[in-house]
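Biologist: I should like each label in this model to be justified by its value and its cut-off. May we begin?

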Amino acid sequence: MPSFIAYYLQILLLTVAPMLVFGLAVMLCNRLFCMLVGAESGWPLLLFASGLSTPVRELGHLIFAFVTFHRIVDFRLLDLGNEEGELGFVEHDYNRKNPVAVFGNFLFALGPSLLGLFFVLTVVLSCFHGMFTPFMGQISDLTETGAGFADYARATINFFPALFRDASTGVVAKILGCLLIAAVCLGVFVSLDDLKNAWGGMVIYALLALLFAGLTALFDRRLQRILTGGIRLYAVGVTALYLVVLAFAVCMVALGALFFVIRTLFGLDARRAD
């Protein structure tokens with residue numbers, strides 16, 4: 001029984017915990033960046049941070065709402081002229097008696113992170129050929145040895161100079177890759193509001209994971225080891241990608257802090273109001 005519980009918890013936690021933990025960390029970076037740059041003189045920075053990330057976020061919402069039979073009431077992938085400052089949204093409704101639709105709320109909450117990570121993976125593979133696989137292997141080794149946060153941070157920091165030492169791609173491609181990741185990173189987060197609406201979906205997911213664990217536990221232990229190995233590989237991939245996203249998000253916050261000092265010292269908001 002204890003071994004089954006451990007097996008079940010691995011399935012449950014490894015599939016969602018990295019995305020939730022890192023997604024909430026990026027959300028904090030997003031809120032801090034917006035607070036630092038402000039909505040007046042900092043509008044160009046907000047546009048850079050949101051102009052690409054908002055459509056990616058809302059497309060993630062839209063896709064998972066659609067595939068889980070939610071009714072799309074209205075949506076905007078990007079609306080720069082919104083008077084309330086809401087650059088994008090997806091309004092949806094669903095049948096509360098349909099378990100697939102209820103489960104869809106959980107996917108709706110994770111959708112922006114899933115699509116955002118896929119976008120970042122595409123950029124890394126396109127603009128930094130051959131650099132992500134060794135980094136992912138390094139993160140996997142750290143996971144196996146039970147390394148601490150400082151080890152992960154050190155590996156991520158070392159990843160950045162390695163990107164530019166790589167001679168397989170040109171400088172222009174690397175700069176473009178960095179700009180694309182910087183432009184989307186602050187949108188690869190999990191919203192607390194979405195999670196609040198996803199409790200029913202979380203319960204369904206936990207039950208599905210329990211059913212999956214129970215069925216696969218009936219087979220040979222070698223199958224369980226293969227399955228947990230695949231799940232761990234997925235968790236390592238998500239962690240490696242999110243470390244890159246989080247590193248860029250921290251850099252964006254640092255840029256926001258620098259702008260905050262400049263706009264405070266020179267009264268940029270007051271000048272814009274005049």
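Biologist: Why does Asp 220 count as partly exposed?

Modeller: Asp 220 has a relative accessibility of 43%. Buried means under 20% relative accessible area, exposed means over 50%, and partly exposed is what lies in between, computed with a 1.4 Å probe on protein chains only. The 43% of Asp 220 falls between those limits, so the label is partly exposed. The model is a predicted one, in which local features need pLDDT of at least 70 and side-chain atom pairs count only at pLDDT 80 or more, while totals for chains, interfaces and linings use all residues. Residues are numbered from 1 along each chain as its sequence is written, and side-chain values use heavy atoms, with hydrogens and water left out.

Biologist: What makes the contact of Asp 220 and Arg 222 a salt bridge?

Modeller: A salt bridge requires a side-chain nitrogen of Lys or Arg within 4 Å of a carboxyl oxygen of Asp or Glu. For Asp 220 and Arg 222 the N to O distance is 3.0 Å, so the criterion is met. Arg 222, at 55% relative accessibility, counts as exposed.

Biologist: How many salt bridges does the structure hold, and which residues are joined into one network by bridges that share partners?

Modeller: There are five salt bridges. Arg 71, Asp 93 and Arg 96 are joined into one network through shared partners. Another bridge links Arg 76 to Asp 74, again at 3.0 Å from N to O. Both ends are partly exposed, Arg 76 at 38% and Asp 74 at 27%. Arg 154 and Asp 151 also form a bridge, their closest N and O atoms being 3.0 Å apart.

Biologist: Where do Arg 154 and Asp 151 lie?

Modeller: Both belong to helix α6 (residues 149-165), three residues apart, which is about one turn of the helix. Helices are DSSP runs of H or I with at least four residues, strands are runs of E with at least two, and both are numbered from the N terminus.

Biologist: What is the nearest side chain of opposite charge to Asp 194, and why is there no salt bridge?

Modeller: It is Arg 57, 4.2 Å away. Lys and Arg count as positive, Asp and Glu as negative, and His and the chain ends are not counted. The 4.2 Å exceeds the salt-bridge limit, so no bridge is assigned to Asp 194, although this residue is buried. Asp 194 is placed in helix α8 (residues 192-196). Its side chain makes a polar contact with the side chain of His 61 at 3.0 Å. A polar contact is a pair of N or O atoms within 3.5 Å; within protein, one must be able to donate a hydrogen and the other to accept it, and residues adjacent in sequence count only if both atoms are side-chain atoms.

Biologist: How do you know that Arg 57 lies over the face of Phe 189?

Modeller: A charge sits over a ring if NZ of Lys or CZ of Arg is within 6 Å of the ring centre and within 35 degrees of the ring normal. Arg 57 is 3.8 Å from the ring centre of Phe 189. The charged end of Arg 96 is likewise placed over the ring of Tyr 94, 4.3 Å from its centre.

Biologist: How many aromatic pairs are there, and why is that of Phe 22 and Tyr 242 called stacked?

Modeller: There are four aromatic pairs. Rings of Phe, Tyr and Trp (its six-membered ring) pair if their centres lie within 6.5 Å; planes under 30 degrees apart count as stacked, over 60 as edge-to-face and the rest as tilted. Phe 22 and Tyr 242 have centres 5.6 Å apart and planes at 15°, so they are a stacked pair. Phe 22 is in helix α1 (residues 2-37) and Tyr 242 in helix α10 (residues 221-265), so parts 220 residues apart in sequence are tied together. The pair of Phe 106 and Tyr 205, at 5.5 Å and 45°, is tilted.

Biologist: How do you know that Cys 127 is in no disulfide?

Modeller: A disulfide is a pair of cysteine sulfur atoms within 2.5 Å. The whole structure has zero disulfides. For Cys 127 the nearest cysteine sulfur, that of Cys 178, is 8.6 Å away, so the cut-off is not met. Cys 127 is buried, at 8% relative accessible area.
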